[in-house]
Amino acid sequence: MKIRRPRPFLTATISGALVLGALAGCSTATAETTSGTGTTTTTTISEVATTTDDALADNEDYTDLAALAEETWDTADETTVSLDGDSATVSGDGATADGSTVTISAPGTYRISGTLDDGQVVVSSEADGLVRLVLDGADITSSTGSAVAVTQADDVSVVLADRSSNSLTDAATYTDTSEDAPNAALFSADSMVISGTGSLDVTGSTNDGIASKDGLVIAGGDITVTAVDDGVRGKDFLVVTDGTLDVDAEGDGLKADNEDGTNDDGETVGYAALLGGTVTVTSGDDGVHAESDLVVDGATVTVAESVEGLEGAHILVASGTVDVTSSDDGFNAAGGTSTTTDTATTDDSGADAATGQDSGAQAPAQGEAATGGEPPASGTMPDGEPPQGGGGGAGGGGGMPGEAAGDYSLVITGGDVTVDAGGDGLDSNGTLTISGGDVTVFGPTDGGNGTLDSAGALTVQAGTLLAVGTSSMLQTPGDGSEGWVAATFDTLAAGTELTVVDSSGTTVATVTLAKDAQSVVLASEAVTTGEEYTIQADGTDVATATAGESPASTGMGTQP
């Protein structure tokens with residue numbers, strides 16, 4: 001995308017009143033909504049966090065774990081573990097070898113080299129202190145379980161030695177399949193950090209590639225992961241600060257999956273933060289999934305293939321480069337947090353927790369309009385926070401008809417973001433806010449999804465948003481937004497150069513369509529509210545629009 005405009009000033013704060021949906025670390029309030037049955041659901045209202053520090057302020061701290069990657073040690077104090085086919089030898093304290101199984105039972109530094117054709121390195125250390133595993137040309141394959149299994153330790157640091165190549169492959173079938181048994185090629189029951197300048201190739205043959213049942217930090221290395229389920233998983237948190245990570249997973253690519261919400265200290269868990277390095281993901285489900293917060297700040301993230309690209313309850317992109325390809329939603333700010341009413345338990349989208357269905361309507365299948373229940377009368381909105389922003393006529397607004405906004409948020413304050421989505425391009429079950437950066441969305445081509453889909457307020461305060469896709473469910477920016485223009489037109493084929501031109505003939509934005517499209521939404525400081533703009537396809541006029549006015553009659557749209 002090329003935008004011909006002055007460089008925008010990227011705001012660091014979001015002004016105005018409290019809005020539904022927020023990242024952790026901000027003050028909260030509550031509001032009540034009353035359903036048609038007279039029951040009352042309380043939804044948390046929070047201020048939107050616009051910086052990484054604010055977003056992670058209330059989360060379990062990862063910095064102490066990450067700092068372990070910076071520690072140095074005296075190589076003279078290392079214990080040497082030499083692997084040789086079907087056997088291993090140990091020189092030093094804290095470890096023993098029994099055939100092809102090496103057991104580490106005490107804190108210390110262990111340099112592991114050589115090849116195990118069928119064996120394991122097991123860490124079972126009850127004492128306080130760091131267990132550091134230096135992989136220096138280690139190639140470990142197991143036919144019974146994990147290649148490296150940390151069953152007990154205070155903290156674990158895996159260091160990829162300079163210029164070393166390492167490989168870990170687990171069993172296709174594990175001998176121990178109990179609930180708490182290791183279930184990844186590189187597994188830790190406790191917090192683990194991976195760093196160094198060497199390379200690591202991990203194959204998860206039966207489940208995950210790399211997994212920690214506590215926190216996981218990747219601070220360096222050239223790491224390649226192939227897994228039949230999730231690629232890289234940290235339960236309490238997954239943080240990437242540096243290195244190169246290439247993941248090919250049949251399940252989620254990267255995942256933080258603690259569903260408890262908070263730990264015993266009241267800190268938020270289940271969060272993912274990509275704060276540096278280069279991450280490339282090909283996945284059979286979510287590219288990156290977090291149960292709570294998902295933050296991108298400074299990383300280069302490419303989700304080459306996914307069902308949903310980036311998913312979390314609260315998503316913040318503060319800087320970096322994000323390129324997402326998905327068969328369903330590109331970004332999805334959603335979750336399953338539940339609240340209890342005086343007659344039923346519902347999640348924040350208004351669905352009954354026991355049945356998964358809205359109390360007044362049959363839950364729609366993915367990509368289909370809702371059926372059953374009574375639609376709102378003309379000129380009225382259903383209970384809950386109404387979608388804000390241009391409506392595109394009677395059928396406009398974000399989300400499915402009747403969807404109430406929950407405590408979810410999608411916030412972009414900087415960076416370069418590109419989305420190619422088969423479902424919703426940018427989807428928030430709460431609010432969607434852009435206050436900086438360059439955002440390009442190639443949305444769906446069918447009529448059951450929207451290029452932009454926000455159940456609450458959609459606000460573009462600064463930066464540039466260029467969204468093209470179906471004319472169905474067209475949503476446009478709302479109150480507090482910078483200048484924007486939106487138009488619909490007959491279907492344009494992929495490869496067409498679409499251009500937005502102002503009344504003086506100056507090109508404001510241009511993009512080559514990655515797929516068929518019937519609409520465009522452009523928000524930019526180069527757009528002046530009230531002025532007329534022309535949309536051209538390969539130089540031919542196809543539509544005109546007045547900035548700040550939504551196209552009349554979009555609704556569910558016309559199928560291409």
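This is a short tour of the structure, stop by stop, with something to select at each one.

**The whole chain**

Keep in mind as you look around that this is a predicted model. Start with everything displayed as a cartoon: the protein has two helices and 43 strands. Switch on the surface next, and you are looking at about 21,300 Å² of accessible area, 43% of which belongs to carbon and sulfur atoms. Of the 560 residues, 54% count as buried. Among contacts with a separation of 6 or more, 58% are between residues 24 or more positions apart.

**Strand 9 and its partners**

Now select residues 108-116, which make up strand 9. Add strand 5, residues 79-85; strands 5 and 9 run parallel and are joined by seven bridges. Then bring in residues 130-141, strand 11, which pairs with strand 9 in the parallel sense over eight bridges.

To see how the pairing works at one position, pick leucine 116. Opposite leucine 116 of strand 9 stands glycine 85, and in strand 11 the bridge partner of leucine 116 is isoleucine 140.

**Threonine 109**

Stay in strand 9 and select threonine 109. Is threonine 109 buried or exposed? Its relative accessible area is 8%, under the 20% cut-off, so threonine 109 counts as buried. Show side chains here and look for arginine 132: the side chains of threonine 109 and arginine 132 are joined by a polar contact of 2.6 Å. Now colour the surroundings. Leaving aside neighbours within four places in sequence, threonine 109 is in contact with Trp73, Asp77, Glu78, Thr79, Arg132 and Val134.

**Arginine 111 and glutamate 78**

Glutamate 78, one of those contacts of threonine 109, leads to the next stop. Select it together with arginine 111: the two form a salt bridge, with their closest N and O atoms 2.8 Å apart. Arginine 111 sits in strand 9, while glutamate 78 is in the loop between helix 2 (63-67) and strand 5, so the pair ties together parts that are 33 residues apart in sequence. Glutamate 78 is buried, at 14% relative accessible area.

**More salt bridges**

How many salt bridges are there to find? The count comes to 10. For one of them, go to aspartate 162 and arginine 163, whose side chains meet at 2.8 Å, N to O. Arginine 163 is exposed, with a relative accessible area of 73%, whereas aspartate 162 is partly exposed at 46%.

Next, jump to aspartate 252 and lysine 255, a salt bridge with its closest N and O atoms 3.3 Å apart. Here aspartate 252 is buried at 4% relative accessible area, and lysine 255 also counts as buried, at 17%. Then return to the earlier pair and add one residue to the selection: salt bridges that share partners join Glu78, Arg111 and Asp136 into one network.

**Glutamine 475**

For the last stop, select glutamine 475, found in the loop between strand 37 (458-469) and strand 38 (484-492). Despite being in a loop, glutamine 475 is buried, with a relative accessible area of 1%. What does its side chain reach? Display the backbone of serine 454: the side chain of glutamine 475 reaches the backbone nitrogen of that serine at 2.8 Å.

Notes. Residues numbered from 1 in each chain as written. Predicted model: local features only at pLDDT ≥ 70, side-chain atom pairs only at ≥ 80, totals over all residues. Heavy atoms only, no water. Helix = DSSP H or I, 4+ residues; strand = E, 2+ residues; numbered from the N terminus. Buried < 20%, exposed > 50% of the residue type's maximum accessible area, 1.4 Å probe, protein only. Polar contact = N/O pair within 3.5 Å; in protein donor to acceptor, adjacent residues only side chain to side chain. Contact = heavy atoms within 4.5 Å. Salt bridge = Lys/Arg side-chain N within 4 Å of Asp/Glu carboxyl O. Areas by Shrake-Rupley, 256 points an atom, 1.4 Å probe, with all protein chains shown as cover. Pairing = 2+ DSSP bridges.
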